[in-house]
Amino acid sequence: MPAGNERTNEAFLKAALAGSRIETAEWVAETGSTNDDLVSRARKGAPEQVLVTDLQTAGRGRRDRVWDAPSESGILMSILVRGVDPGDGFWAVGAIALAASQAIDAIVDSPCSLKWPNDVMLGPPRSQKKVAGVLAHLVDDAVVVGIGINVNWPIAVPPTMSERGTAINSHRSSRRAVERAPLAADVVLRGIGHLETSRSELCAAWKARCSTLGQRVRLDLDSGAIVGRATNIAPDGALQIEENGVTSTHQVGDVVHLRPTT
């Protein structure tokens, strides 16, 4: 059973989600990975639900990168959604990433945008840093979407953290701390709305917030790197890049936004 702050946060989250598509919510002090937990539950037929933890000891991001954050410094959350076509994996991730960018944008003084394929970026356009990342696991007709959001970091941020990203409180007047439960609820509710909207509406809203489009980028692939201009997001979520008049389409890869050449 939850105790202390997680009990209060769980009660708030349940109340906020009451009457919505996803009413089952749990907030725990610590777990290995919220995604692993909900994937296991999904395989056993669990209903749609949300799981949040204060500390994640075995969290992983895309390409199995470690996602590590001090206890209670962020929102480490997974959402189990059913009735998802396997081909919709990108847009399940996209719906939650879009929801997070909108929820964060509402409480900060800096612009918040999306970076293909699954990063939420915060800060001035030329110096944006990652504030959140999203990752999905498909389980039959269900998808588990996990998101890690950097919420409240100390003023003296260790170089290993500041080099890799930023936190919401660093972009608020007087570095005011953020209440995590209301933000988590806002992300889930907005995400539900995006999951239930039409694909065309979701795609249009996602593209409107995507800072990768129109940029000169370098796409790092296992086979090498491609440099060109990001021109579009395909219907399946793939990134299209134009290089010397030739357009190529890519399902995976790490994007680096390059400064415009003069």
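**Strand pairing and an aromatic cluster**

In strand S7, Gly-146 serves as the bridge partner of Ser-78. This pairing comes from a predicted model, and it offers a handy entry point to the strands described here. Strand S7 spans residues 142-150, and nine bridges tie it to S3 in the antiparallel sense.

Strand S3 has a second neighbour to meet. Strand S2, covering residues 49-56, is joined to S3 by five bridges, and these two strands also run antiparallel. Within S3, Ile-79 is the residue that stands opposite Val-50. Strand S3 itself, made up of residues 74-82, is mostly covered, with eight of its nine residues buried.

Attention now turns to the aromatic rings. A pair of aromatic rings is described by the distance of the centres and the angle of the planes. With ring centres required to lie within 6.5 Å, the count comes to three aromatic pairs. In one of these, the rings of Trp-91 and Trp-206 have centres 6.3 Å apart and planes at 85°; because planes over 60 degrees apart count as edge-to-face, this pair belongs to that class. The pair also brings together distant parts of the chain: Trp-91 lies in helix H3 (residues 89-105) and Trp-206 in helix H6 (residues 199-209), with the two positions 115 residues apart.

Are these two tryptophans buried or exposed? Trp-91 has a relative accessibility of 3%, so Trp-91 counts as buried. Trp-206, at 0% relative accessibility, therefore counts as buried too. Finally, Phe-90 joins the picture, as ring pairs link Phe-90, Trp-91 and Trp-206 into a cluster.

Note on methods:
Residues numbered from 1 in each chain as written. Predicted model: local features only at pLDDT ≥ 70, side-chain atom pairs only at ≥ 80, totals over all residues. Heavy atoms only, no water. Phe/Tyr/Trp six-rings, centres within 6.5 Å; stacked < 30°, edge-to-face > 60°. Helix = DSSP H or I, 4+ residues; strand = E, 2+ residues; numbered from the N terminus. Buried < 20%, exposed > 50% of the residue type's maximum accessible area, 1.4 Å probe, protein only. Pairing = 2+ DSSP bridges.
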